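Visitor: I'd like to learn how to read a few features in a model. Could you take me through them one at a time?

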Amino acid sequence: MWNKPDVQTGKSPAYYAWQRLKRNRTAYASLLFIGFCTLISIFGYLISPDATPNANDQQIELETLKPGTEVTLLRIRKNQPENNIGFLEKMLSGAPENYIEKPISGYEILGDKIIVQPIHSQDKSDAETYSLADVIYSLQDSNITLQNGFVNFTTYEGEQNLLLGELQKTVEKEHIVKRTYWLGTDRFGRDMLSRLILGTRISLGVGFISVIISLLVGISLGAMAGFFRGWVDAFIQWLVNVVWSIPTFLWVMAISLVLGRGFWQVFIAVGLTMWVEVARLVRGQILSARELEYVQAAKALGFGNRRIIYKHLLPNILGPVLVIAAANFASAILLEAGLSFLGVGVQPPSPSWGMMINDHYGYIVVDAAYLAILPGVAIALLVLAFNLLGNGLRDALDVKMK
């Protein structure tokens, strides 16, 4: 039992395994990196520059900006009641933007109007004029009057009568903003940093759910095959061989096409194709452990088969299962990226790393190769971290290791 303390030292095997894992610097660094990515995936909408759902705020004028580009934006209030989103809802699904952000190269405030020059345009005939009240507030009607230095208009919150000077200061201070796109923008003008951050949630989510499904199915079938043997073992082994004979990627594509394309379908499809490795491992471990003395003692005491399997056998083969779970986590991330790259995985506008590579792989031969390289590097780092962690767990859980 991994959580049972040693009689002499008072420390459990799990404690010693943890100490061995910490001494493995590569595996421990991988664990910290995975933890960091997990925090990013949970709080992604709260820390990303673009907190709209799926970071899908498209600015076609800003397509394929270079990393580090700074842009001036005019924030114009949408002509609708404000969307009040709670903290938890924003953390889970983002918050719809209450403003339209217009990229500009210059502006001039004249009275109760603001004149802006669109970005990438030097022709003064292209200049656009907006009312200051319309920039700041959601107007219920377009009737705006200026009398004795006061601007009168009607919003969804009622009548407003404000000094012209206050409106001018508010626009300059709060509605003319500068934004730096640290990783540039994609071909739709969306912030690359925000989409990479939110892509972490999809990759880790697919890996986590898929591993849970594979463990539930694989451990159950493998434990029954190894413990009961006979026709039960023969049937489960036949099923494993059938699933094993078909390439995993083809299984995933077939299941995805049957269930449909979408976010949750990928979770189920990947999970239902990764259980065979778990089942084979658990079966082998159970076959060797079922003849040991503590199992025979449990049978002699009259314990039921379910209790023997789940209370005595499975806790003692936890180590190898954790190792294969880490490897399956990495495989699930790669499968999801590959499916999304082919268009049968997560669907637009969800920020999947594989789909981001598909959208921009043509830019590799031009001066915007980073658009495809950045999500590729993110996939490689996360998969490498799980593989290194799996190797570290294998060594840490080996009782022969000192």
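Visitor: Let's start with Arg 290: is Arg 290 buried or exposed?

Guide: This is a predicted model, so keep in mind that everything here is computed from it. The cut-off you need is that buried means under 20% relative accessible area. Arg 290 has 8% relative accessibility, so it counts as buried.

Visitor: What does the side chain of Arg 290 meet?

Guide: Side chains of opposite charge can pair when their charged atoms come close. Here Arg 290 forms a salt bridge with Glu 291, at 2.6 Å from N to O. Glu 291 has a relative accessible area of 45%, so that partner is partly exposed.

Visitor: Which residues do shared salt-bridge partners join into a network?

Guide: Arg 75, Glu 97, Glu 101 and Arg 179 are linked into one network that way.

Visitor: And how many salt bridges does the count come to?

Guide: The count comes to 12 salt bridges. One of them pairs Asp 367 with Lys 66, where the closest N and O atoms are 3.5 Å apart. That pair ties together distant parts of the chain, 301 residues apart. Asp 367 sits in the loop between α15 (353–360) and α16, and Lys 66 in the loop between α3 (44–47) and β1 (69–77).

Visitor: How accessible are Asp 367 and Lys 66?

Guide: Asp 367 is at 59% relative accessibility and therefore counts as exposed. Lys 66 is at 38%, so it counts as partly exposed. For another case, look at Arg 195 and Asp 186, whose side chains meet in a salt bridge at 4.0 Å, N to O. Arg 195 and Asp 186 are both buried.

Visitor: Lys 66 makes me curious about its surroundings. Where is Gly 184, which is in contact with Lys 66?

Guide: Look in the loop between β8 (176–181) and α7 for Gly 184. Gly 184 has a relative accessible area of 0%, so it is buried. Leaving out neighbours within four places in sequence, Gly 184 contacts Leu 65, Lys 66, Pro 67 and Gly 68, along with Arg 190, Asp 191 and Met 192. As a distance to try on screen, Gly 184 and Thr 72 are 112 residues apart along the chain, and their C-alpha atoms are separated by 14 Å.

Visitor: Now helix packing. At what angle do α7 and α10 cross?

Guide: For a pair of helices, look at the distance between axes, the angle and the handedness, then at the residues in contact. Helix α7 (residues 192–228) and helix α10 (residues 263–271) cross at roughly 40 degrees, and their axes come within 8 Å. That angle makes α7 oblique to α10. The crossing is right-handed.

Visitor: Which residues of α7 and α10 meet?

Guide: From α7, the contact involves Ile 202, Gly 205, Val 206, Ile 209, Ser 210, Ile 213 and Ser 214. Facing them in α10 are Phe 263, Val 266, Phe 267, Ile 268, Val 270 and Gly 271. By type, the contact residues split into 9 nonpolar, 4 polar and no charged.

Visitor: How do α2 and α16 pack?

Guide: Helix α2 (residues 25–42) and helix α16 (residues 370–396) pack at about 135 degrees, with axes 8 Å apart. Angles over 145 degrees would count as roughly antiparallel; α2 and α16 are therefore oblique to each other. Their crossing is left-handed. On the α2 side the contact uses Thr 26, Ala 27, Ser 30, Leu 31, Phe 33, Ile 34 and Cys 37. On the α16 side you'll find Leu 381, Leu 382, Ala 385, Phe 386, Leu 388, Leu 389 and Gly 392. Sorted by type, the contact has 11 nonpolar residues, 3 polar and no charged.

Visitor: Staying on α2, what does Ser 41 touch?

Guide: Ser 41 belongs to helix α2 and touches Thr 200, Arg 201 and Leu 204, not counting residues up to four places away in sequence. Ser 41 is at 10% relative accessibility, so it counts as buried.

Visitor: One last residue: where is Pro 320 found?

Guide: Pro 320 is in helix α14 (residues 318–342). With 30% relative accessibility, Pro 320 counts as partly exposed. Setting aside neighbours within four places in sequence, Pro 320 contacts Leu 281 and Gln 285. Pro 320 and Arg 307 are 13 residues apart in sequence, and 21 Å apart in space, C-alpha to C-alpha.

Key. Residues numbered from 1 in each chain as written. Predicted model: local features only at pLDDT ≥ 70, side-chain atom pairs only at ≥ 80, totals over all residues. Heavy atoms only, no water. Axes fitted to C-alpha atoms, helices over the stretch in contact; angles between N-to-C directions. Helix = DSSP H or I, 4+ residues; strand = E, 2+ residues; numbered from the N terminus. Parallel < 35°, antiparallel > 145°, perpendicular 65-115°, else oblique. Left-handed = near helix turned anticlockwise from the far one by under 90°. Contact = heavy atoms within 4.5 Å. Nonpolar A, V, L, I, M, F, W, Y, C, P; charged D, E, K, R; others polar. Buried < 20%, exposed > 50% of the residue type's maximum accessible area, 1.4 Å probe, protein only.
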